[in-house]
Amino acid sequence: MKATGSLRLIKRGIWQMVFEYQDAIGQRRQKSESTGLPEKGNKRRAQAMLEKRLDEMERQYTAALEVKNVQFLSFMRSWLDDVVSYKVKENTLSQYRYVFEGYICKYKPFHGVKLQDVTPALLQSYYNAQLKAGLSPNTIRKHHANIHKCLDYAVRLCMLPVNPSVMTELPPKRKYRGATAYTPEQSKTLLKLFEGDTLETAVMLAATYGLRRSEICGLRWDAVDFDTGVVHICYTAVMDKGRVLYSDSTKTATSNRKLPLTAFMRAYLQKVKAQQSESKELLGSAYQDSGFVCVYADGSPIRPDFVTPHFQRILKQGGLPVIRFHDLRHSAVYALRKGGCDAKDIQTWLGHSDVSTTLNIYGHLLGGDMERLGKVMDSLLFQEAKAG
């Protein structure tokens with residue numbers, strides 16, 4: 001910034017600094033600041049204050065100019081590298097980067113746009129374009145969430161006065177219509193179908209406890225306590241760009257939960273552990289003592305990306321309706337509800353943070369036994385009381 005300064009005396013004999021500078025639109029401006037120093041014996045100190053203040057103004061102007069020239073896409077990439085990467089798990093960061101590199105970066109109207117020039121209209125055009133390109137409303141809302149968080153960060157850094165994303169219109173969230181769930185009778189058929197299969201233990205855990213695939217593939221023997229009769233869901237295994245990422249933390253805090261070893265599951269898992277010990281003795285050095293509950297024949301942990309395709313292949317061969325592996329979680333909810341468990345109990349069993357989550361996802365399964373309720377109404381309103 002082209003700024004100059006000088007000293008002058010004001011009333012009561014105080015040194016004052018007077019600055020002349022050029023503003024952002026090229027107009028010459030003047031402003032003054034008091035040093036607070038009296039005239040006598042302080043001219044040298046006042047001059048030093050003036051020079052220091054001129055240096056500060058120059059640095060502030062340079063910083064403001066740099067902020068003004070920051071491009072939106074560059075800023076978002078820096079946000080991912082410097083902020084998000086330290087706050088989320090590796091696989092979650094990959095999802096952020098996938099949205100950024102695969103969609104946001106490829107939107108040409110964003111190219112060359114400065115951070116300060118991002119407008120609600122520009123963001124709205126992006127959301128509308130992605131909707132027309134075939135992305136679902138829920139996916140677009142996820143893209144918006146990433147952009148919103150990034151621009152919120154810019155506001156906190158005082159690089160933007162307001163977050164322009166809050167003034168956009170998003171497509172209505174697509175209401176979840178419920179997934180397919182096996183009846184308890186179908187689940188029994190399923191368990192028989194997988195007897196002796198590589199996925200037998202995984203299917204057993206999913207059908208009994210409604211565990212997520214990541215929780216099953218991450219489950220280790222040190223989380224199964226036969227003495228206290230508890231299985232601790234505290235490990236996960238997820239896919240990320242072809243790699244398996246193992247973690248000692250769960251999807252959410254409430255996903256970290258302790259479930260009871262039922263009498264059947266205690267005996268079953270003890271049998272599985274004994275079979276693994278026999279395989280280790282039989283195969284010797286060829287056996288990988290991985291410490292996982294669900295393993296291949298050589299003891300190595302079952303990969304998450306093996307589970308679903310193998311599961312569906314066996315279903316087709318066995319003639320059962322083909323569902324996702326994750327739908328066994330829904331099937332477990334159906335069985336629990338049929339057994340009389342309420343939504344709050346099921347929430348804890350599944351590891352949801354709030355019962356509203358359970359109701360939103362499994363409301364179609366938790367609606368109760370309508371036939372039984374109908375019979376109650378019939379008996380109360382339309383059946384004649386028996387003579388006593």
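## Worked exercises on a predicted model

The protein chain has 14 helices and eight strands. Keep in mind as you work that this is a predicted model.

**Exercise 1. Find what share of the chain is buried, and describe its surface and its contacts.**

Begin with burial: of the 388 residues in the protein chain, 38% are buried. Next, take the surface. The accessible area of the protein chain is about 22,700 Å², and carbon and sulfur atoms account for 52% of this area. Finally, turn to the contacts with a sequence separation of 6 or more: 57% of them join residues that are 24 or more positions apart.

**Exercise 2. Trace how β1, β2 and β3 are paired, and decide whether β2 is enclosed or open.**

Start with β1 (residues 4-10), which runs antiparallel to β2 and is joined to it by seven bridges. One of the partners to look for is Ile14 in β2, which bridges to Ile10. The two strands make a hairpin with three residues between them, and Arg12 in the turn has a positive phi of about 70 degrees.

Now move to the other pairing of β2. Eight bridges link β2 to β3 (residues 28-38), again in the antiparallel sense. Here Val18 is found opposite Ser32 in β3.

The last step is burial. In β2 (residues 14-22), seven of the nine residues are buried, so the strand is largely enclosed by the rest of the structure.

**Exercise 3. Work out the strand order of the sheet that holds β4, β5 and β8, and find which strands stand at its edges.**

The sheet is open, with three strands in the order β4-β5-β8 and antiparallel pairing. β4 (224-225) and β8 (257-260) each have a single partner strand, so they stand at the edges, with one side of each left without a neighbour in the sheet. To check one pairing in detail, look at β4 and β5 (residues 230-233), which are antiparallel over two bridges. Asp225 has Val230 in β5 as its bridge partner.

**Exercise 4. Identify the residues with the most contacts inside the largest nonpolar core, and say which elements supply the core.**

The largest nonpolar core has 46 residues, and those with the most contacts inside it are Leu190, Leu205, Tyr209, Leu269, Phe311, Phe325 and Leu328. As for its sources, at least two residues of this core come from each of several elements, including α7 (200-209), β5, α9 (263-283) and α10 (304-318). The largest share, six residues, is supplied by α7.

Now pick Phe311 for a closer look. Setting aside neighbours within four places in sequence, its contacts include Leu190, Phe194, Leu199, Val203, Phe325 and Leu328. Apart from this core lies another of 31 residues, among them Tyr96, Phe100, Leu122 and Leu160.

**Exercise 5. Is Ser187 buried or exposed, and which residues does it touch?**

First locate Ser187: it sits in helix α6 (residues 184-193). Its relative accessibility is 13%, and buried means under 20%, so Ser187 counts as buried. Then list its contacts: not counting residues up to four places away in sequence, Ser187 touches Tyr182 and Ser331.

**Exercise 6. Which residues make a nonpolar surface patch of about 300 Å²?**

The patch is made by Val162, Val166 and Met167. To place one of these residues, follow the chain to the loop between α5 (137-156) and α6, where Val162 lies.

Terms used
Residues are numbered from 1 along each chain as its sequence is written. This is a predicted model: local features need pLDDT of at least 70, side-chain atom pairs count only at pLDDT 80 or more; totals for chains, interfaces and linings use all residues. Side-chain values use heavy atoms; hydrogens and water are left out. Two strands pair if DSSP finds at least two bridges between them. Helices (H or I, at least four residues) and strands (E, at least two) are DSSP runs, numbered from the N terminus. Buried means under 20% relative accessible area, exposed over 50%, partly exposed in between (1.4 Å probe, protein chains only). Contact means heavy atoms within 4.5 Å. Patches are made of residues with over 30% relative accessible area and no salt bridge: like charges are joined within 9 Å, nonpolar side chains (Val, Leu, Ile, Met, Phe, Trp, Tyr) within 5 Å. Accessible areas come from the Shrake-Rupley method with a 1.4 Å probe; for residues, only the protein chains shown count as cover. A salt bridge is a side-chain nitrogen of Lys or Arg within 4 Å of a carboxyl oxygen of Asp or Glu. A nonpolar core is a set of buried Ala, Val, Leu, Ile, Met, Phe, Trp, Tyr and Cys residues joined through side-chain atoms within 4.5 Å.
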